[in-house]
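Q: Please take a close look at one helix pair in this model. I would like the geometry of the crossing and the residues that make the contact, followed by whatever can be said about a strand elsewhere in the chain.

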Amino acid sequence: MKHILTAAVILFSTTQVHAQSCGGSFNGFLSGVKSEAIAKGYAAGTVDKFLANARIDKKVLKADRSQGVFKLNFTQFAQRVISASRLSKGKANRKKYNGTLSKVQKTYGVDPTVMLAFWALETDYGAFQGDFNTLNALLTLSHDCRRPALFRPQIFSALELYKRGDFSPTKTTGAWAGEIGMVQMLPTDIINRGVDGDGDGQVSLKTSAADALMSGANVIAGHGWRANEPWLVEITVPNNLDWSKTGLKTSLPVSTWAKMGLKARGKMPNGALQASVVLPQGRKGPAFLALPNFKVYFEWNQSFVYVTTAAYFATRIAGAPRFIEGNPDPSLSDSQMKSLQRKLAARGHNVGKIDGILGARTRAAVQAEQARLKMPADAWPTKALLGKL
């Protein structure tokens with residue numbers, strides 16, 4: 001059945017918990033969860049049943065600490081996840097679910113190909129939605145002290161779904177990070193943004209493509225998606241471009257970029273739109289013009305490589321050609337990337353964790369050091385930069 005959010009649900013699902021309880025004995029942690037749930041108004045008996053089979057899932061921790069796929073560069077990652085089969089299925093599903101996707105676009109302004117690309121990348125169009133026990137995944141990641149502020153509130157959202165009859169502590173399964181369904185949504189998003197897309201009176205993200213697509217689009221729209229605007233356009237760039245202006249930190253009108261010699265492979269977006277030049281592998285590799293909607297992707301996933309690939313995948317389903325690979329400088333090895341991050345940190349840059357992943361902060365630091373050293377400041381780390389540092 002459809003659900004109406006209560007003020008209490010909105011409060012606990014959107015308010016950041018400042019003093020998160022994590023670590024220590026798992027039983028002690030569960031006692032804290034129970035106490036907090038009761039303080040939120042849940043009956044002790046309901047909470048006891050909800051937590052009756054709770055346990056730490058070591059496979060969740062292993063998955064959380066071994067996300068090596070995000071160490072691939074854009075070309076490698078895109079080649080791995082955008083197969084001919086997925087493109088073909090995407091176009092077939094566009095026809096099969098035309099009615100739902102038209103409703104998605106009319107209601108939320110989200111292009112159908114954007115949802116198809118997410119659907120493909122998250123669960124291969126629903127074929128594999130994850131087999132981790134969702135409650136234990138959320139409890140494990142909340143007990144672990146890396147990101148309790150993200151995961152602890154999800155426990156209480158799952159509890160609310162359980163109270164409503166829409167969640168089973170023993171049978172509900174999904175991804176290792178607690179996401180559920182065909183487009184992988186966390187319990188809080190299901191409460192806040194879940195949509196009955198097929199009109200059967202239920203929000204069934206695991207079994208209903210219509211519910212999943214409408215709900216996912218509702219999440220994206222809620223993060224500020226701008227209707228009827230592009231998100232990513234492949235471009236060619238002149239060799240004499242001011243590389244320090246590339247990257248998401250700089251946004252200029254499309255017309256200004258065009259005057260600098262940028263050309264689109266296809267139709268150039270409206271000249272009044274703001275855009276950034278994204279060079280996933282530096283000035284010698286693929287190049288894209290990222291429009292305002294591109295930044296909404298980061299609300300779905302924080303990985304630059306994932307976001308760029310998901311955005312590009314949507315353009316492929318829409319009919320865009322395969323990107324021009326170019327001849328970028330080779331990626332640094334894992335040990336070289338970690339060495340680079342340590343050197344950047346030693347120079348005062350905030351690169352976050354020394355993890356060998358070329359994330360947004362590492363890219364920004366690389367670009368700053370390239371500019372300081374009078375090197376082309378395209379934010380792509382090379383052996384030459386590593387040597388000079």
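A: Helices H6 and H8 cross with right-handed geometry. The model is predicted, and the description that follows applies to that model. H6 covers residues 84-96 and H8 covers residues 112-123; their axes come within 10 Å and cross at roughly 130°. Angles over 145 degrees count as roughly antiparallel and 65 to 115 as roughly perpendicular, with oblique used for the rest, so H6 is oblique to H8.

On the H6 side, the contact is made by Arg86, Gly90, Asn93 and Arg94. H8 contributes Thr113, Leu116, Trp119, Ala120 and Leu121. By class, the residues of this contact divide into 4 nonpolar, 3 polar and 2 charged. Leu116, Trp119, Ala120 and Leu121 of H8 are the nonpolar ones, while Arg86 and Arg94 of H6 are charged. The polar group consists of Gly90, Asn93 and Thr113, with Gly counted as polar here.

The strand is S3, residues 232-236. S3 is mostly covered, with 4 of its 5 residues buried. It pairs with two other strands, S7 and S5. Strand S7, residues 288-290, runs antiparallel to S3 and is joined to it by 3 bridges; in this pairing Val233 stands opposite Leu289. Strand S5, residues 263-264, also pairs with S3 in the antiparallel sense, over 2 bridges, and here Ile235 stands opposite Ala264.

Note on methods: Residues numbered from 1 in each chain as written. Predicted model: local features only at pLDDT ≥ 70, side-chain atom pairs only at ≥ 80, totals over all residues. Heavy atoms only, no water. Buried < 20%, exposed > 50% of the residue type's maximum accessible area, 1.4 Å probe, protein only. Pairing = 2+ DSSP bridges. Axes fitted to C-alpha atoms, helices over the stretch in contact; angles between N-to-C directions. Parallel < 35°, antiparallel > 145°, perpendicular 65-115°, else oblique. Left-handed = near helix turned anticlockwise from the far one by under 90°. Contact = heavy atoms within 4.5 Å.
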